[in-house]
2 protein chains.
Amino acid sequence: MIRRIGQRTLQLEDQPFLLAHAAAVGKKEGDGPLGAQFDFVTEDDRMGQKSWELAEGELQKTAIETALKKGGLQKSDLDLILAGDLLNQCIGSFLASMQSDVPYLGQYGACSTMAQGLALGACLVESGAARRLVASASSHFCSAERQYRFPLAYGGQRTPTAQWTATAAGAAVLGKQGSGHIRITHALFGKMVEMGVKDANNMGAAMAPAAYDTLSTLLADLGAQPNDFDCIVTGDLGHVGADLLLTLLREDKIDLSPVYSDCGSLLFGDEQDAHAGGSGCGCSAAVLCGPLLRDMQAGKIKRLVFAGTGAMMSPTSVQQGQPIAGICHAVVIERSGT
Amino acid sequence: MIRRIGQRTLQLEDQPFLLAHAAAVGKKEGDGPLGAQFDFVTEDDRMGQKSWELAEGELQKTAIETALKKGGLQKSDLDLILAGDLLNQCIGSFLASMQSDVPYLGQYGACSTMAQGLALGACLVESGAARRLVASASSHFCSAERQYRFPLAYGGQRTPTAQWTATAAGAAVLGKQGSGHIRITHALFGKMVEMGVKDANNMGAAMAPAAYDTLSTLLADLGAQPNDFDCIVTGDLGHVGADLLLTLLREDKIDLSPVYSDCGSLLFGDEQDAHAGGSGCGCSAAVLCGPLLRDMQAGKIKRLVFAGTGAMMSPTSVQQGQPIAGICHAVVIERSGT
């Protein structure tokens, strides 16, 4: 059963197990500071496919299949796949799971999709609607770049606030029963927060207010301080958005900085020309399902807030002058034992 | 608590209440045979907006606000919005609810999105994750046509198997507590079924095998015959897909025809030049949240299977020669009392 505490935080009494996880990334991501902690790094961002969209599907499929393998599971053990990506009509995810023979619910939370899938998936496992499910998400620099911005060959200048869409995918298996130590204890579904940002090259600014809303609500609902957690991580605010989030919280006398990281800021090194950091559904999905959950397994992180951030926009909505709303969904993940 | 019965059907013990519903449609849909049974028919498909995308957002917002009003509810009574549409990055739904101040989970099930939202929403209400939520979906002929096919002014010939994307939106409010008679008793999450159809102008054929998979599984899981229901309705198979579904079931000695309808076949009259029928997320959403739920309120339908159908594809995936997978999610809706 799920209990609501405070304003909006959902407390999961049975605490679904995070049974298995895997991250699959592209070459640039593999060359970055976290490279050694991903399960799969491709040498060929095309993944042997004829198009970038098919390559993204293949990358997400690799993450799902690797997670299942690591957990000693088959696709037939799954009752549900919750998946999403940034492509029009979410085809990266549909291509990844089309032949899976597993019930499928497509999710669209922009870059927050991994957190959305985990929050929703935890509730579904808790409720009995699924005994075991996978939450997955992906993005691919090449499919995203030509869809959102310019042809790949164009070589346009990027602004300092621009982020680099990660070629990455992550998958996590949740289950009611398990022998592991890592479990989801709380979930919070985010609201769209729109503060008038219209610059599609400054997603960090568009998303920071939503991250602020979600994290301050979560801390208040739990009656917690930042240092009650070993790590509070946002999805892809990047350097610009992360600074804004810390500033917004500081105005409420909350200092997040001792435990705070952002997946987008962690993914690439300064020398990798990613400007304000990584972004895309795959960014937070791979950083969570790679390094962060590895650190939890190793006992280095015991209590984690994973707060996936997303920017609700499309090239069409931006061209039509509509503002970009941010959204941020969060889950609390805990490791029991030593 | 949710119990799994048979292979995949979810039985909802508390049976969430369908507290309120509303449908908002465009002029052509209002001129059709169901016109009088929609809550709102616009005279101006632009909905007073500057773009078709904004018009679609406004139409979905109208459906949500009308449903809340009919149920004597405010937005602040909602714990969650589950919404989706066909536009790139699902902007119809994001524009509809950006200012709502309600937690939001974007859904992408192509034209099955309304059924996906209801099935998922029923599980979330049952679990305690939300006390009250809205499930909504929309489509707009003009925003869809230019995104999927041709510029509106182009005047291309349509094939006989082509369907007409409905300018329509539907919204339904689910709640744990209620005084009404209409409740959701079962849900079934569909699998993607892909049978090699690559013709983007024959969605009925692409989706019929998924509808067959979902409906035959549901009937078997429930140990039910078609005539245990007053009405079994699919989302937007249209005339072509509906025929295929009946044929597929007949091979299993199941005769669905006495209780079967398809929202896409119902929406437009023969003289309205919609060829194989209506389609789009809004088609099944509006036919359910308009005429069908009105008939349930009036006691004319007591037991309904609503099986939303969707085609997983994008213009890009079709151009790249990928097959179109169908998907079909179902809910059983019952009216108690007289």
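I count a residue as buried under 20% relative accessible area, as exposed over 50% and as partly exposed in between. I keep in mind throughout these entries that this is a predicted model.

**Entry 1: two residues with positive phi in chain B**

I began with the backbone angles, and noted that B:Gln15 has a positive phi of about 50° although it is not a glycine. I placed B:Gln15 in the loop that runs between strand E2 (9-12) and strand E3 (17-25) of chain B. Is B:Gln15 buried or exposed, or does it count as something in between? Its relative accessibility is 28%, and because that value falls between the two cut-offs, I entered B:Gln15 as partly exposed.

I then looked up B:Ala110, where phi is near 50°, again a positive value in a residue other than glycine. B:Ala110 sits in the loop between strand E6 (104-107) and H4 of chain B. Here the relative accessibility is 1%, so I entered B:Ala110 as buried.

**Entry 2: H4 of chain A against H4 of chain B**

Next I turned to the place where the two chains bring their H4 helices together. I found that the axes of helix H4 (residues 113-127) of chain A and helix H4 (residues 113-127) of chain B come within 9 Å and cross at roughly 65°. That angle makes H4(A) roughly perpendicular to H4(B), and I noted the crossing as left-handed.

Which residues meet in this crossing of H4(A) and H4(B)? From H4(A) I listed A:Leu120, A:Cys123, A:Leu124 and A:Ser127, and facing them from H4(B) are B:Leu120, B:Cys123, B:Leu124 and B:Ser127. Sorted by type, the residues of this contact are six nonpolar and two polar, with no charged residue.

**Entry 3: H4 of chain B against H9, and a look at A:Ser284**

I stayed with H4(B) and checked how it packs within its own chain. H4(B) and helix H9 (residues 281-297) of chain B pack at an angle of about 60°, with their axes 7 Å apart, and this makes H4(B) oblique to H9(B). I recorded B:Thr113, B:Met114 and B:Leu118 on the H4(B) side, and B:Cys281, B:Ser284, B:Ala285, B:Leu288 and B:Cys289 on the H9(B) side. The residues of this contact divide into six nonpolar and two polar, and no charged residue takes part.

In chain A, I looked up A:Ser284, which is found in helix H9 (residues 281-297). A:Ser284 has a relative accessible area of 1% and is therefore buried. Setting aside residues up to four places away in sequence, I found that A:Ser284 touches A:Cys111, A:Met114, A:Gly235, A:Cys263 and A:Phe306.

**Entry 4: the nonpolar core**

Which members of the largest nonpolar core touch the most other members? Of its 254 residues, I noted A:Leu118, A:Phe306, A:Ile333, B:Leu118, B:Phe306 and B:Ile333. I followed one of them, A:Leu118, and, leaving aside neighbours within four places in sequence, found it in contact with A:Ala135, A:Ala172, A:Leu174, A:Ile184, A:Leu288, A:Phe306 and A:Val331.

**Entry 5: B:Ala307 in strand E14**

B:Ala307 lies in strand E14 (residues 303-312) of chain B, and with a relative accessible area of 0% it is buried. I noted that B:Cys328 is 21 residues from B:Ala307 along the chain, while their C-alpha atoms are separated by 6.2 Å. Not counting residues up to four places away in sequence, B:Ala307 touches B:Leu215, B:Val233, B:Thr234, B:Gly235, B:Cys328, B:His329 and B:Ala330.

**Entry 6: H6 against H7 in chain B**

One residue of that list, B:Leu215, also belongs to the H6(B) side of a helix contact with H7(B). Helix H6 (residues 203-222) and helix H7 (residues 238-251) of chain B pack at an angle of about 40°, with their axes 8 Å apart, which makes H6(B) oblique to H7(B). I noted the crossing of H6(B) and H7(B) as right-handed. The contact includes B:Ala208, B:Tyr212 and B:Leu215 of H6(B), together with B:Leu244, B:Leu245 and B:Leu248 among the residues of H7(B). I counted ten nonpolar, three polar and no charged residues in this contact.

**Entry 7: the enclosed helix H5 of chain A**

Why is helix H5 (residues 141-148) of chain A described as largely enclosed by the rest of the structure? Seven of its eight residues are buried, so the description follows from that count. I listed the buried residues as A:Phe141, A:Cys142, A:Ser143, A:Ala144, A:Glu145, A:Gln147 and A:Tyr148. What covers them includes helix H2 (52-70), strand E7 (132-139) and helix H10 (315-319) of chain A.

Definitions and conventions:
Residues are numbered from 1 along each chain as its sequence is written. Chains are lettered from A and ligands numbered from 1 in the order in which they are written. This is a predicted model: local features need pLDDT of at least 70, side-chain atom pairs count only at pLDDT 80 or more; totals for chains, interfaces and linings use all residues. Side-chain values use heavy atoms; hydrogens and water are left out. Axes are lines fitted to C-alpha atoms, for helices over the stretch in contact, and angles run from 0 to 180 degrees between N-to-C directions. Helices (H or I, at least four residues) and strands (E, at least two) are DSSP runs, numbered from the N terminus. Angles under 35 degrees count as roughly parallel, over 145 as roughly antiparallel, 65 to 115 as roughly perpendicular and the rest as oblique. A crossing is left-handed if the near helix is turned anticlockwise from the far one by less than a right angle, and right-handed if clockwise. Contact means heavy atoms within 4.5 Å. Ala, Val, Leu, Ile, Met, Phe, Trp, Tyr, Cys and Pro count as nonpolar, Asp, Glu, Lys and Arg as charged, and the others, Gly among them, as polar. A nonpolar core is a set of buried Ala, Val, Leu, Ile, Met, Phe, Trp, Tyr and Cys residues joined through side-chain atoms within 4.5 Å. Buried means under 20% relative accessible area, exposed over 50%, partly exposed in between (1.4 Å probe, protein chains only).
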